[in-house]
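Reader: I would like a close look at a single part of this protein, set carefully in the context of the rest of the chain. Please take the helix and what it packs against, and go through it step by step.

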Amino acid sequence: MDIRMDIEEKSCLEVGDAVMAMDSFYRNNLYIICAENGGYITRCINNGYTLTGLHSTLKELQKSLEKIDAKIYPKSKYEL
């Protein structure tokens, strides 16, 4: 008997991806993932603030964004 489970693979973040926080404090602000100071950060396009601070890897940044239930829009799906 073959058992097959479909495992949803989480995509990795890339520099240039857009992020929108679902938290009411940060809501309606669009953030872009940037490489900065040897790490990775989300910068708000309206005011330059960050969402979760500087992280040494994209994986750490992704974990931080998951904690605040942020919605990620891959850069391949949008144009600025």
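**The helix and its surroundings**

Author: Among contacts in the protein between residues at least 6 apart in sequence, 36% join residues at least 24 apart. That figure, like every other value here, comes from a predicted model, and it makes a useful starting point for the part you ask about. The secondary structure comes to one helix and four strands, and the elements run β-β-β-α-β from the N terminus on. Buried residues make up 26% of the 80 residues, while the accessible surface of the protein comes to about 6,100 Å², with 50% of it belonging to carbon and sulfur atoms.

Which residues of α1 are buried? They are Leu61, Gln62, Ser64 and Leu65, and because they cover an arc of only 160° around the axis, they lie on the same side of α1. On the other side of the helix, Lys59 and Lys67 are exposed. The buried residues of α1 pack against β1, β2, β3 and β4.

The buried side of the helix also leads into the largest nonpolar core, which has ten residues in all: Leu13, Val19, Ala21, Tyr31, Ile33, Cys44, Leu51, Leu61, Leu65 and Ala70. The elements that give two or more residues to this core are β2, spanning 30–36, and α1, spanning 58–67. Leu61 and Leu65 thus appear both in the list of buried helix residues and in the list of core members.

Ser64, which lies in helix α1, deserves a separate word. At 14% relative accessibility, Ser64 counts as buried, since the cut-off for that class is under 20%. If its neighbours within four places in sequence are left aside, Ser64 is in contact with Thr52 and His55.

From the strands, the residue to examine is Thr42, whose place is in strand β3, residues 39–44. Thr42 counts as buried, with a relative accessibility of 0%. Not counting residues up to four places away in sequence, Thr42 touches Leu61 and Leu65, and the list of its partners also includes Val19, Tyr31, Ile32 and Ile33, as well as Tyr49, Thr50, Leu51 and Thr52. The side chain of Thr42 reaches the backbone nitrogen of Leu51 at 3.1 Å, and Leu51 is itself one of the core residues. Thr52 is a partner of Thr42 and also a partner of Ser64 in the helix. As for His55, the other contact of Ser64, Thr42 and His55 are 13 residues apart in sequence and 9.6 Å apart in space, C-alpha to C-alpha.

The end of the helix brings up a point of backbone geometry. α1 is followed by Asp69, whose phi is positive, near 55°, although Asp69 is not a glycine. Most residues other than glycine have a negative phi, which is the reason for pointing this residue out. Asp69 has its place in the loop between α1 and β4, and with a relative accessible area of 52% it is exposed. A positive phi, about 50°, is also found at Asn37, again not a glycine. Asn37 lies in the loop between β2 and β3 and counts as exposed at 68% relative accessibility.

To complete the setting, there are the charged pairs, of which the structure holds two as salt bridges. Side chains of opposite charge can pair when their charged atoms come close. In one of these bridges the side chains of Glu14 and Lys75 meet at 3.6 Å, N to O. Glu14 lies in the segment before β1 (18–20) and Lys75 in the segment after β4 (71–73), so this pair ties together parts that are 61 residues apart in sequence. Glu14 is partly exposed, with a relative accessible area of 40%, and Lys75 is partly exposed with a value of 40%. In the other bridge, the side chains of Arg43 and Glu36 meet at 2.6 Å, N to O. Arg43 counts as partly exposed at 26% relative accessibility, and Glu36 is partly exposed as well, with a relative accessible area of 23%.

Conventions: Residues numbered from 1 in each chain as written. Predicted model: local features only at pLDDT ≥ 70, side-chain atom pairs only at ≥ 80, totals over all residues. Heavy atoms only, no water. Core = buried A, V, L, I, M, F, W, Y, C linked by side-chain atoms within 4.5 Å. Buried < 20%, exposed > 50% of the residue type's maximum accessible area, 1.4 Å probe, protein only. Salt bridge = Lys/Arg side-chain N within 4 Å of Asp/Glu carboxyl O. Contact = heavy atoms within 4.5 Å. Areas by Shrake-Rupley, 256 points an atom, 1.4 Å probe, with all protein chains shown as cover. Polar contact = N/O pair within 3.5 Å; in protein donor to acceptor, adjacent residues only side chain to side chain. Arc of directions from axis to C-beta.
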